[in-house]
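Thanks for coming. I have one structure to go through today, so please have the sequence and the 3D view open while I talk.

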Amino acid sequence: MSYQYLKRARKIICIGRNYAAHIKELNNPTPKQPFFFLKPSSSIITPISLEHEKKSLPNNSSFHGLNDDGTNPGPIYIPRQTIVNHEIELALVMDKYISNVTSEEFLASDVYDAISGVALALDLTARNVQDEAKKKGLPWSIGKGFDTFLPISQFIPKDVFIKDKEDLQNAFRVTCSVNGELRQDDSTRLMLNPLHKIIQHISTMISLEPGDIILTGTPSGVGPINPADEISGELYYHEDKLVDMKFSCETRPGPYVYRET
Ligand SMILES: O=C([O-])CC(=O)C(=O)O
Ligand SMILES: [Mg+2]
C-alpha cells in the first residue's frame, strides 16, 4: 500500500453535514441540497512510522511539499487561539473523469468503476474560525485549510472490496480515538447523501478528475484536540480493519494567532 496517490490529487472536495447525528450535535440546519467545500493539497500530512520518518522542514515552515513517494510525515499543528475539531471521514479516490452526469445516469453500482480506491481522512476544522465565518457570511476556507488539516492514510485499492462492487454504501465503518478514548464510530450506511449522489452532484458543478479526493462527511462525536494529544483513526471493511493511522498534536510554529476578523 502506498501514498503515491496523494501526488495526483489536483483537488480535495468535501461534503458538509452528511450524517444526521453530526448535524444535530453542532445545531446546524439540515441542507436541502448537498453542499461542498475544498481543502488545499498543502493541508495533507501522513503518519510518521519506522518506514516514514518525520519530514524535516526549513526553519519554522509547516509545509514544504510532498516527498517523492507521496508522503508528508508529520504532526498535526494546532494554530494558536483556535479550537480544532477532529472529523473522521471516508475518502474516495477518483479514477475517472466524471462531468455533468444525471441522477438517472449515475447509480450506486457506478461508484466502484469511478474510483480507484479509498482512504481514511481527518477533516480537521478550526471550529471557532469556521463559526465566525458562518456568522459573518465569510468563506470557511481557512477554518478547514490550515497546513496539516488533512491527515490521511495509505491508499486502499478497490480490489480489496470488490465483493460489494454493486453498492459500497454499507461496506465501511470509520472510528476515531483521542488519547485512547473512542470518540467516533459509525457505519457509512448512515450518510444522508449516499456515495453515488455525492459524486453525481459534484459533477454537475465541478468536474471530477482522476486523482481527485472526495471527503464524504463526518459522523457524530466530533470534539477538540489539543497540543500533546494523540489521535488515531481506523477504517473497517465490514469486520476487517483495512487501515489505521495515528498522529500527535503540537502547537503550530510561525507567527499565526487567530484573531476575530
Ligand atoms: O464542518 C462542518 O460543519 C461540516 C463538515 O465538514 C462535515 O459535516 O463533515
Ligand atoms: Mg467534514
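A residue counts as exposed here when its relative accessible area is over 50%, as buried when that value is under 20%, and as partly exposed in between. Keep in mind that this is a predicted model.

With that cut-off, take methionine 205. Its relative accessible area is 51%, so methionine 205 is exposed. You will find methionine 205 in the loop between α5, residues 195-203, and β13, residues 213-215. Together with Leu38 and Ile206, Met205 makes up a nonpolar patch on the surface, and the accessible area of the three together is about 270 Å².

Next, the metal. Which protein residues are donors of the magnesium ion, ligand 2? They are Glu87 and Glu89, each through OE, and Asp123, through OD, and they lie 2.0 to 2.1 Å from the ion. Along the chain, the donors of this magnesium ion follow the spacing E-x1-E-x33-D. Glutamate 87 sits in the loop between β5 (84-86) and β6 (88-94), and aspartate 123 in the loop between β7 (115-122) and β8 (125-126), so this pair ties together parts that are 36 residues apart in sequence. As for cover, glutamate 87 and aspartate 123 are both buried.

Now the sheets. One open sheet has six strands, in the order β2-β1-β13-β6-β7-β10, and its pairing is mixed. At the edges stand β2 (35-39) and β10 (156-157); each has a single partner strand, so one side of each is left without a neighbour in the sheet. Within this sheet, β1, residues 12-16, pairs with β13 in the parallel sense, over three bridges. In that pairing, cysteine 14 is opposite leucine 215 of β13.

There is also an open sheet of three strands, with the order β8-β5-β14 and antiparallel pairing. Its edge strands are β8 and β14, the latter being residues 223-225, and each of them pairs on one side only. β5 and β8 are joined over two bridges, in the antiparallel sense. Here asparagine 85 is the residue opposite threonine 125 of β8.

The next strand to look at is β11, residues 172-178. Is β11 mostly covered or mostly uncovered? Mostly covered: six of its seven residues are buried. β11 pairs with β15, residues 230-237, in the antiparallel sense over seven bridges. Phenylalanine 172 has tyrosine 237 as its bridge partner in β15. β11 also pairs with β12, residues 181-187, again antiparallel, over six bridges. In β12, the residue opposite valine 174 is aspartate 186. β11 and β12 form a hairpin with two residues between the strands, and asparagine 179 in that hairpin takes a positive phi near 50°.

On to histidine 238, which lies in the loop between β15 and β16, the latter being residues 240-251. Histidine 238 has 38% relative accessibility, so it counts as partly exposed. Histidine 238 and arginine 173 are 65 residues apart along the chain, and their C-alpha atoms are separated by 7.1 Å.

For contrast in setting, look at tyrosine 112. Tyrosine 112 belongs to helix α2, residues 111-114. Its relative accessible area is 9%, so tyrosine 112 is buried. Between tyrosine 112 and methionine 191 there are 17 Å in space, C-alpha to C-alpha, and the two are 79 residues apart in sequence.

Last, the cysteines. How many disulfides does the count give? Zero. The cut-off used is a pair of cysteine sulfur atoms within 2.5 Å. Why is cysteine 14 not bonded to another cysteine? The closest cysteine sulfur to its own is that of cysteine 176, and at 16 Å that is too far for a bond. Cysteine 14 has 0% relative accessibility and therefore counts as buried. For cysteine 176, the closest cysteine sulfur is in cysteine 249, at 9.8 Å, which is also too far for a bond. Cysteine 176 is likewise buried, with a relative accessible area of 0%.

That is what I had; I can go back to any of these parts on the screen.

Note on methods:
Residues are numbered from 1 along each chain as its sequence is written. Chains are lettered from A and ligands numbered from 1 in the order in which they are written. This is a predicted model: local features need pLDDT of at least 70, side-chain atom pairs count only at pLDDT 80 or more; totals for chains, interfaces and linings use all residues. Side-chain values use heavy atoms; hydrogens and water are left out. Donors are N, O and S atoms within 2.8 Å of the metal (3.2 Å for Na, K and Ca); water is not among the atoms, so sites may look incomplete. Helices (H or I, at least four residues) and strands (E, at least two) are DSSP runs, numbered from the N terminus. Buried means under 20% relative accessible area, exposed over 50%, partly exposed in between (1.4 Å probe, protein chains only). Patches are made of residues with over 30% relative accessible area and no salt bridge: like charges are joined within 9 Å, nonpolar side chains (Val, Leu, Ile, Met, Phe, Trp, Tyr) within 5 Å. Accessible areas come from the Shrake-Rupley method with a 1.4 Å probe; for residues, only the protein chains shown count as cover. A salt bridge is a side-chain nitrogen of Lys or Arg within 4 Å of a carboxyl oxygen of Asp or Glu. Two strands pair if DSSP finds at least two bridges between them.
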